[in-house]
Amino acid sequence: MSSHNLPIKELGEVSLVAEGTTFKSITETVAVVTETKAPRGWWIGFLIAVNFTGILGAAIGYLIWTGIGVWGNNSPVYWAWDITNFVWWIGIGHAGTLISAVLFLFRQKWRTAINRFAEAMTIFAVICALIFPGIHVGRIWYAYYMPPLPNSMALWPNFKSPLLWDVFAVSTYFTVSLLFWYVGLIPDLATFRDRAKTKVRRLVYGALALGWRSSNRHWQHYERAYLLLAGLSTPLVLSVHSVVSFDFATSVIPGWHTTIFPPYFVAGAIFSGFAMVMTLMLITRAVYGMKSLVTQKHLELMNKIILLTGSLVGYAYAMEFFIAYYSGNDFERHVFIHNRASGPFAWAYWIMVSCNVISPQLYWSKKLRNNIAVSFVVSILVNIGMWFERFVIIVTSLFHDFLPSSWGYFRPTLIDIFIYFGTLGLFFTLFLLFIRWIPMIAIAEVKATLPEADPHWDPSHASHDDAHGHDEDAHEEPAAQPAE
Amino acid sequence: MSDKTLTLYLAEYESAGACVHAAEKLRDAGYAAFDAHTPFPVHGMDQAMGLPDSRLGWLVLPAGITGVSLGFLMIWWMNGVDYPLIIGGKPAFSIPSMVPILFELTILFSALTAVFGMFGLNQLPRHHHPIFNSDRFASATDDKFFISVESSDPKFNLEKTKKLLEATHPTNIELVADKDDEVSEDAP
């Protein structure tokens with residue numbers, strides 16, 4: 001009998017992992033990274049990242065000490081880099097949840113090679129994002145006004161405010177992402193525990209693995225919990241960026257007050273997140289020799305998603321522009337025609353369009369989708385473009401207020417720049433620590449996608465591909481759980 | 001054989017298929033306290049072991065309902081009764097604007113219950129288990145498949161169980177005892 005994990009060659013499917021990959025080799029490939037000395041490149045990257053994190057800390061300290069006047073924000077541009085960075089980071093996080101939850105529900109087995117990675121990215125990106133609403137309130141010691149806590153002023157928050165919805169959405173998102181990530185990690189931490197050569201590793205990984213003994217009675221509830229979390233995270237991830245977009249869409253500012261915002265923001269979030277996964281994956285895969293697990297096939301599939309979401313984003317830009325024109329509203333038209341497509345911020349608008357709309361169109365070509373250098377460059381361009389998208393949305397809607405007497409311009413200060421690049425430092429610090437100490441590929445999940453993971457697998461029939469073998473298997477496992 | 005000490009047979013297999021067939025044999029022989037240990041969840045193992053469907057969903061559903069109800073009560077009390085805020089001419093207590101927060105709280109409560117409910121049903125964390133006394137068991141998280149039969153099973157019998165397991169063609173069988181209760185009590 002054949003295995004249902006075998007690629008169906010008639011449909012042009014190829015194996016998810018490289019030839020010759022076995023259960024043992026998967027464990028080895030992933031575990032050895034954390035068991036041997038870090039390569040020199042890791043140390044160089046880590047030192048640079050830690051330095052930037054230090055800059056972040058110093059800049060935030062200065063900001064808290066002095067006040068948010070140290071930023072370039074001023075009348076009429078009260079939101080600028082702070083909220084741009086917040087939305088950018090939150091958006092990057094979305095790809096992780098999409099890969100771990102949505103692709104899981106769609107039974108996209110190729111996700112197993114990249115989901116751990118992407119989920120880690122989600123958590124670190126959300127940490128970076130959470131810094132901004134925290135510090136942009138100005139008096140950070142009043143940050144506790146945000147949650148509904150009883151206080152001596154007998155005040156409660158305004159639950160009709162989208163900013164408060166954001167507090168709930170983002171904190172729920174962070175909590176659920178962390179839980180999802182940890183649940184996925186438990187079996188792999190147990191693998192590390194069982195391989196541990198030193199006492200410290202045995203104790204630390206052992207404590208974190210919670211005494212996991214790969215029992216099928218446990219797997220049963222575990223898989224159900226995983227399925228439920230995936231089912232819960234899917235609407236959650238859609239809701240989070242929708243709520244973020246409500247911060248803008250429920251206002252009466254021309255350029256923000258549009259109904260297309262929630263789906264447009266969600267598509268943009270997935271787009272930027274996949275680009276970031278691609279950037280990180282290409283580097284890590286090359287440095288750590290993960291090419292047998294993260295194959296060209298994975299990269300191509302990710303590029304297809306980048307093409308899809310990039311085109312969705314391009315459609316949203318066009319539609320936004322069209323509606324502004326078609327509405328006949330002078331203020332809407334002014335924002336799109338004179339503040340974005342032309343005018344003092346036209347450079348930002350056209351950077352956004354070239355990076356987000358034009359660059360992913362290269363991926364219509366199969367050859368370019370499979371070109372590592374192109375993938376890397378496009379992923380960086382998309383990251384830049386998506387930052388500019390948020391910058392354009394926020395700043396170009398604000399810098400020309402309704403009266404020409406309140407027209408201004410926005411220039412970032414050094415502190416703006418320090419804080420932005422500082423969060424990149426924090427992100428990479430956390431990410432490098434993750435790569436160093438935590439199984440960066442979901443070992444158990446990748447194993448379950450091998451042909452020999454199927455109990456009906458018979459190695460003697462491995463050579464000839466009979467797609468018919470499936471029929472017989474199907475009856476035996478009607479209520480079977482997902483294999484991942 | 002002492003009642004206190006948990007002893008178990010541990011049979012090792014090379015393939016997922018062999019492990020599933022062994023589980024089917026034990027199920028058919030009427031064993032209840034046996035388990036399969038596999039590096040990843042194996043398709044069809046639940047049926048092979050005769051396990052009922054996981055009850056986790058029945059914990060998560062009420063948790064989600066609790067989340068949405070508590071959220072409703074909270075917003076109604078805080079904005080509708082205790083501290084009414086009139087913003088944008090909207091009523092102090094307005095249901096449409098509650099939807100995002102109610103949704104997030106439903107998800108939050110459900111997700112927390114899915115994870116901690118799973119830990120509860122699995123009785124994890126449990127760092128001490130006699131099965132860890134086997135040296136070979138470490139490969140259960142790597143590339144080997146195991147069946148364990150615990151001495152607490154009413155059908156457990158040192159000879160008969162061993163015979164039954166041998167008939168499933170394992171690559172290895174061992175008897176694992178709980179070392180920590182050790183020596184003084186019983187040495188079979």
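**Exercise 1. Determine how many salt bridges the rule finds across the interface of chain A and chain B, and describe the side of chain A that takes part.**

Step 1. Across this interface of the predicted model, the rule finds three salt bridges, a salt bridge being a side-chain nitrogen of Lys or Arg within 4 Å of a carboxyl oxygen of Asp or Glu. In a salt bridge between the two chains, the side chains of K24(A) and D142(B) meet at 2.8 Å, N to O.

Step 2. Polar contacts are counted separately, as pairs of N or O atoms within 3.5 Å, where within protein one atom must be able to donate a hydrogen and the other to accept it, and where residues adjacent in sequence count only if both atoms are side-chain atoms. By that rule 30 residue pairs are in polar contact across the interface, both residues being at pLDDT 80 or more.

Step 3. On the side of chain A that touches chain B, at least two residues each come from α1 (23–35), α5 (162–195), α6 (199–208), α7 (216–249) and α15 (443–447), the helices being DSSP runs of H or I with at least four residues (strands are runs of E with at least two), numbered from the N terminus. The most is given by α7(A), with 17 residues.

Step 4. By residue class, this side of chain A divides into 37 nonpolar, 16 polar and twelve charged residues; Ala, Val, Leu, Ile, Met, Phe, Trp, Tyr, Cys and Pro count as nonpolar, Asp, Glu, Lys and Arg as charged, and the others, Gly among them, as polar.

**Exercise 2. State what area chain A and chain B bury between them, and which residues of chain A lose the most.**

Step 1. The size of an interface is often given as the accessible area lost when the parts come together. Here the two chains bury about 6100 Å² between them, 65% of it on carbon and sulfur atoms, where buried area is the accessible area (1.4 Å probe) that two parts lose on being put together, summed over both.

Step 2. In chain A, the residues that lose the most area to chain B are W156(A), K160(A) and R213(A), which together make up 13% of what that side buries.

Step 3. Counted by contact (heavy atoms within 4.5 Å), 65 residues of chain A meet 72 residues of chain B.

**Exercise 3. Trace the salt bridges of E28(A) and E445(A), and decide whether each partner is buried or exposed.**

Step 1. Over all chains, the search of the whole structure finds 16 salt bridges. In one of them the side chains of E28(A) and R195(A) meet at 3.2 Å, N to O; because E28(A) lies in helix α1 and R195(A) in helix α5 of chain A, the pair ties together parts that are 167 residues apart in sequence.

Step 2. Buried means under 20% relative accessible area, exposed over 50%, and partly exposed in between (1.4 Å probe, protein chains only). With 34%, E28(A) is therefore partly exposed, whereas R195(A), at 16%, counts as buried. Both belong to a network of salt bridges that also links E35(A) and R201(A).

Step 3. E445(A) forms a salt bridge with R111(A), their closest N and O atoms being 3.0 Å apart. This pair links distant parts of the chain, with E445(A) in helix α15 and R111(A) in the loop between α3 (81–105) and α4 (115–136), 334 residues apart. At 6% relative accessibility E445(A) counts as buried, as does R111(A) at 0%.

**Exercise 4. Locate A80(A) and T295(A), and list what each touches beyond four places in sequence.**

Step 1. A80(A) lies in the loop between α2 (40–66) and α3 of chain A and is buried, at 0% relative accessibility. A80(A) touches N73(A), I394(A), V395(A) and F410(A), and its C-alpha is 9.3 Å from that of D416(A), although the two are 336 residues apart in sequence.

Step 2. T295(A) is found in the loop between α8 (261–288) and α9 (296–326) of chain A and is buried, with a relative accessible area of 11%. T295(A) touches L16(A), V17(A), A18(A) and R285(A).

**Exercise 5. Characterise the fold of chain A as a whole.**

Step 1. The secondary structure of chain A comes to 16 helices and zero strands, and 58% of its 484 residues are buried.

Step 2. Chain A has a radius of gyration of 24 Å, which agrees with the value near 23 Å for a compact globule of 484 residues; the radius is taken over C-alpha atoms, and the globule rule is 2.2 Å times the number of residues to the power 0.38.

**Conventions.** Residues are numbered from 1 along each chain as its sequence is written, while chains are lettered from A and ligands numbered from 1 in the order in which they are written. In this predicted model local features need pLDDT of at least 70, side-chain atom pairs count only at pLDDT 80 or more, and totals for chains, interfaces and linings use all residues, while side-chain values use heavy atoms, with hydrogens and water left out.
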